[in-house]
Amino acid sequence: MKLHRYADAGGATHYAIEHGEGSLERLLGDPFGPEPLRPSGELALPARRLAPLRPRAILCIGVNYRRHAAEFGSAIPQRPVLFMKAPSALQHPGAPIELPTALGSDAVDYEGELAVVIGRRCKNVSASEALQAVLGYTCANDVSARDWQKRPELGGGQWCRGKTFDTFAPLGPCLVLKDEIPDPAALKIRTVLNGAVMQDWTCDDFIFDVPAVIAFLSGSTTLLPGTVILTGTPHGVGFARKPPVYLQPGDQVTVEIDRIGALTNPVVAEEVAASGAEGGGPTGA
């Protein structure tokens, strides 16, 4: 089952189920709310496609593909490497990735990733039971400002700064429920930049698979429904290329994952608001 989230012409937010022929039926309820999803019998009329959820938290695993560890110049980690993105970094399908202007970066990179969405509260779950806590899967782009992530004079080593600028967490285009993907490690993932394939590998190159990651993250820590886990990126990222390939205004980035779909975002320069103006995150639901 594929779940889509959208805004209608009046700005109200809904979920929809995608039927086999591609039509969308509006659903009542909320997968993370007190009322479960149920059919409405009405066609969905999206005015704007949205990320499949508003994350409660975005937990990210770094250096989690063997070939990416090699291009990163990293040893194979003994435990999952954790960093976080702020929920305000969320971006919707089709909406722009904004290159930071106020702080500045000339080294913004793409990272196509499989995202896991937690569907029920869990803590201290074992790897053998971990998938029971999963609601489903979606595509993610772990957009990363490599200079802020790595350069000592910019606080290098503080990964969160370089990875949590607004719009640096595109998710979508839909949420595929876990029953459709019994083995997430079998999925193929690709990242396409301006029509050129940059990443093309399979999730069986994971160092820590999805059950191991959930077991690790839930250790002495409660994972709430709506938590999103980014599981790492395969080799082929921009900074490891010679010469490096970084995102530029006018680019278009697509992350494709088997059985889920394609998440596409254009790239623009951030428009800096006047002093005192409100900011943060994507507009809308």
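In this predicted model, Thr191 has Val255 of strand β18 as its bridge partner. The two strands concerned, β15 (residues 188-193) and β18 (residues 252-257), run antiparallel and are joined by five bridges. Both belong to an open sheet of five strands with mixed pairing, arranged in the order β9-β19-β18-β15-β16. At the edges of this sheet lie β9 (97-99) and β16 (196-202), each of which pairs on one side only, and neighbouring strands are turned against each other by 20 degrees on average when direction is ignored. Strands of a sheet pair through backbone hydrogen bonds, in either the parallel or the antiparallel sense.

Strand β1 and its partners form a separate topic. Five of the six residues of strand β1 (residues 2-7) are buried, so this strand is largely enclosed by the rest of the structure. The pairings of β1 are set out below.

| Strand paired with β1 | Bridges | Sense | One residue pair |
|---|---|---|---|
| β2 (residues 13-18) | six bridges | antiparallel | Ala7 and Thr13 |
| β5 (residues 48-50) | three bridges | antiparallel | Ala7 and Arg48 |
| β14 (residues 169-177) | two bridges | antiparallel | Leu3 and Leu175 |

Ala7 therefore appears in two rows, with Thr13 as its bridge partner in β2 and with Arg48 opposite it in β5. The connection between β1 and β2 is a hairpin with five residues between the strands, and Gly11 in the turn has a positive phi of about 95 degrees.

Beyond β5 the chain enters the loop that leads to β6 (57-62), and Ala51 has its place in this loop. Is Ala51 buried or exposed? With a relative accessible area of 0%, Ala51 falls under the 20% limit and is buried. Apart from its neighbours within four places in sequence, Ala51 is in contact with Arg5, Leu90, Gln91, His92, Pro93 and Leu171. Of these residues, Arg5 falls within the range of β1 (residues 2-7), while Leu171 falls within that of β14 (residues 169-177). Ala51 and Gly226 are separated by 175 residues in sequence, yet their C-alpha atoms are 12 Å apart in space.

At the surface, Leu82, Met84 and Phe216 together make a nonpolar patch of about 260 Å². Met84, a residue of strand β7 (residues 81-85), has a relative accessibility of 40% and so counts as partly exposed.

Technical notes: Residues are numbered from 1 along each chain as its sequence is written. This is a predicted model: local features need pLDDT of at least 70, side-chain atom pairs count only at pLDDT 80 or more; totals for chains, interfaces and linings use all residues. Side-chain values use heavy atoms; hydrogens and water are left out. Buried means under 20% relative accessible area, exposed over 50%, partly exposed in between (1.4 Å probe, protein chains only). Helices (H or I, at least four residues) and strands (E, at least two) are DSSP runs, numbered from the N terminus. Two strands pair if DSSP finds at least two bridges between them. Contact means heavy atoms within 4.5 Å. Patches are made of residues with over 30% relative accessible area and no salt bridge: like charges are joined within 9 Å, nonpolar side chains (Val, Leu, Ile, Met, Phe, Trp, Tyr) within 5 Å. Accessible areas come from the Shrake-Rupley method with a 1.4 Å probe; for residues, only the protein chains shown count as cover. A salt bridge is a side-chain nitrogen of Lys or Arg within 4 Å of a carboxyl oxygen of Asp or Glu. Axes are lines fitted to C-alpha atoms, for helices over the stretch in contact, and angles run from 0 to 180 degrees between N-to-C directions.
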